[in-house]
Amino acid sequence: MLVITGPKWGLALEKHLGTQQGVSIWEFHRTASSVARDQGRRVYRHARIKPAEPKDGQQVEVTLMLTATSPEADWVSLGMATALNVDTL
C-alpha cells in the first residue's frame, strides 16, 4: 500500500496496476479513499503518480483518473504530495 498526503488531502493507494515510462497507475483503497467531482457524477478511483516508485518521504506528482485507461482529457491534476510506502513499515 502507498499513502500519498497533500497539503489538504490524502489518498490510500492499495493496488499497483502497472508502471510505464517512469509513471505508475494505482487503484485507491476502496474503503479509505475516493474522490468525487461534478456533484458525485464522476468518482475517481485511480491515480497516476510520478516518479513510479517513490521512496518514503519523496515528493510525487499526483493525477486522478476515472479508470486506469481514461483518456488524458478526463484526468485531474492534484499537484505535488508526499509518498509513504506503508509496506516497508
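How much area does the chain expose, and what share of it do carbon and sulfur atoms supply? The exposed area comes to about 5300 Å², with 49% supplied by carbon and sulfur atoms. Keep in mind as you browse that this is a predicted model. The chain holds eight strands and zero helices, and 35% of its 89 residues count as buried.

**Overall layout**
- Reading from the N terminus, you will meet the elements in the order β-β-β-β-β-β-β-β.
- Among contacts in the chain with a separation of 6 or more, 38% link residues 24 or more positions apart.

**Strand S6 and its partners**
- Strand S6 covers residues 46–50, and four of these five are buried, so the rest of the structure largely encloses this strand.
- Strand S3 (residues 23–28) runs antiparallel to S6 and is joined to it by four bridges.
- Within that pairing, histidine 46 of S6 has glutamate 27 opposite it.
- S6 also pairs with strand S7 (residues 59–65), again in the antiparallel sense, over five bridges.
- Here alanine 47 has leucine 64 of S7 as its bridge partner.

**The largest nonpolar core**
- This core has 16 residues, and those touching the most other members are Leu2, Ile4, Leu11, Leu13, Phe28, Val62 and Leu64.
- At least two core residues come from each of strand S1 (2–5), strand S2 (10–20), S3, S6, S7 and strand S8 (76–85).
- Leu64 is thus a handy residue to look up: it is one of the core members with the most contacts to other members, and it is also the bridge partner of alanine 47.

Methods: Residues numbered from 1 in each chain as written. Predicted model: local features only at pLDDT ≥ 70, side-chain atom pairs only at ≥ 80, totals over all residues. Heavy atoms only, no water. Buried < 20%, exposed > 50% of the residue type's maximum accessible area, 1.4 Å probe, protein only. Pairing = 2+ DSSP bridges. Core = buried A, V, L, I, M, F, W, Y, C linked by side-chain atoms within 4.5 Å. Contact = heavy atoms within 4.5 Å. Areas by Shrake-Rupley, 256 points an atom, 1.4 Å probe, with all protein chains shown as cover.
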